Amino acid sequence: MNRWRLVRCVVAAAALAAFGTIVRASADPASSAQSLLSRQILVMLRLPPQHLRQNDYAGGSTRPYDLGSHRGTADSIAKRNGFTVVDGWPMPLLGVDCYVMLLPAGMAMDAAMAQVSRDPRVAWSEPMQVYQAGEGK
């Protein structure tokens with residue numbers, strides 16, 4: 001399995017786990033969720049390589065991963081493209097940070113995907129999708 005296929009699988013699982021925090025409740029949750037999803041994209045940002053520096057490790061512990069340090073990049077990409085950052089989570093072992101971005105009303109998904117994919121800081125982007133497991137009997 002190539003690296004990007006693995007990234008997509010892991011991101012799909014992470015997106016599914018984060019989906020509950022993204023969808024807002026309404027009178028018709030299924031229709032509201034579908035409407036919201038039709039305007040969201042998942043954007044994975046390339047992380048710069050980590051370099052060890054003096055005092056990076058103190059007393060055998062490592063510094064915690066800081067998603068906030070990359071949030072500015074996500075906000076910059078979103079602002080440049082007219083999007084809004086909705087959520088984000090780190091995936092440092094895969095060398096990416098994932099962000100869910102909301103498209104403005106009326107923007108075509110294809111146009112948004114083409115637009116954001118031109119940014120060299122973006123490793124991958126795709127429309128948000130929902131995956132459902134079958135019910136057990």
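These are my notebook entries on the fold and the sheet of this predicted model.

Entry 1, overall make-up. I counted the secondary structure of the protein chain first and found 4 helices and 4 strands, which follow one another along the sequence in the pattern α-α-β-α-β-β-α-β. I then looked up burial, and buried residues make up 34% of the 137 residues in the protein chain. The computed exposed area of the protein chain is about 8800 Å², with carbon and sulfur atoms supplying 54% of it. Among contacts with a separation of 6 or more, I noted that 68% are between residues 24 or more positions apart.

Entry 2, the sheet. I traced the strands and found an open sheet of 4 strands in the order 2-3-1-4, with antiparallel pairing. Strand 2 (84–91) and strand 4 (122–127) each have a single partner strand and stand at the edges, so one side of each is left without a neighbour in the sheet. I also looked up the angle between neighbouring strands of this sheet, which are turned by 20° against each other on average when direction is ignored.

Entry 3, one strand pair. I followed strand 2 to strand 3 (residues 96–102), to which it runs antiparallel and is joined by 7 bridges. As one case, I checked Pro90, whose bridge partner in strand 3 is Asp97.

Entry 4, a helix on the sheet. Finally, I looked at helix 4 (residues 109–117), which packs on the sheet and touches both strand 1 (40–46) and strand 4. The direction of helix 4 makes about 175° with that of strand 4.

Definitions and conventions: Residues numbered from 1 in each chain as written. Predicted model: local features only at pLDDT ≥ 70, side-chain atom pairs only at ≥ 80, totals over all residues. Heavy atoms only, no water. Pairing = 2+ DSSP bridges. Axes fitted to C-alpha atoms, helices over the stretch in contact; angles between N-to-C directions. Contact = heavy atoms within 4.5 Å. Buried < 20%, exposed > 50% of the residue type's maximum accessible area, 1.4 Å probe, protein only. Areas by Shrake-Rupley, 256 points an atom, 1.4 Å probe, with all protein chains shown as cover.
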